[in-house]
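The following note sets out points for a colleague who is reading the model at the bench. Please consult the structure alongside each point.

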Amino acid sequence: MAPPLPETDLTPPRRRRDVLRSALSVALCCGTGLPAFATPGPQPVPWPRHRPTPALTLPGWGDSSWSLAQAKRQVVLVNFWASWCQPCRAEMPSMELLAQRHADQGFQVVAVNFRETDGAIQRFIDETGLDLPILRDRDGAAAKAFGVRVFPSTIVIGRDGQAVFSVTGEVDWTGTDARRWLAPVLSAH
């Protein structure tokens, strides 16, 4: 018969379970919310009141250019993306559908590509059939001005030209959460 293995944890299993259960109860009951592993996904973060909305004028795909200043009185969803970013690719169809559904309400979606070549963008368009306006952030200055560090990142701009909130991560823009986030912005005049 082999000798018993040395016990490396001096806390009995029942005690460990009780400690974990207590910690979870404290987290859930004392205002700290759900533990990080149980968060529901990307959530809107209000744009800081003291932070002005950066100016945004970028060349578009092709010969056009686009300016946030020209989009006043419209709600604008500015999405920062890259073709190598799988979550970016996954959320594009829902953004395109969102733009189509709310175009008559003065709503616009622009897809700001982060520092990619013409070839990479063209391949992406050919593969996906994307029909959203694509803007070129060739040097990354626009992403930096908006504080974008993760892709996809989306900023929603109100009719007054001021940023309302940002969302980091993949979102189903036709889902109930996104509709709830956008409803007050779309209804504001």
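1. Buried here means under 20% relative accessible area, exposed over 50%, and partly exposed in between (1.4 Å probe, protein chains only). By this criterion Cys85 and Cys88 are both buried. The model is predicted: local features need pLDDT of at least 70, side-chain atom pairs count only at pLDDT 80 or more, and totals for chains, interfaces and linings use all residues. Residues are numbered from 1 along each chain as its sequence is written, and side-chain values use heavy atoms, with hydrogens and water left out.

2. The structure holds one disulfide (a pair of cysteine sulfur atoms within 2.5 Å). Cys85 and Cys88 form it, with their sulfur atoms 2.4 Å apart. The torsion about their S-S bond is about 80°, so the disulfide is right-handed.

3. The largest nonpolar core (buried Ala, Val, Leu, Ile, Met, Phe, Trp, Tyr and Cys residues joined through side-chain atoms within 4.5 Å) has 48 residues. Phe80 and Trp173 have the most contacts inside this core. Strand S4 (residues 75–81) gives the most to it, with six residues; strands (E, at least two residues) and helices (H or I, at least four) are DSSP runs, numbered from the N terminus.

4. The buried residues of helix H5 (residues 176–187) are Ala178, Trp181, Leu182, Val185 and Leu186. Seen down the axis of H5, they fall within an arc of 130° (taken from the directions from the helix axis to the C-beta atoms), so they line one face of the helix. The face turned away from the buried side of H5 carries the exposed residues Thr176 and Arg180.

Technical notes: The expected span of a helix is 1.5 Å times one less than its number of residues.
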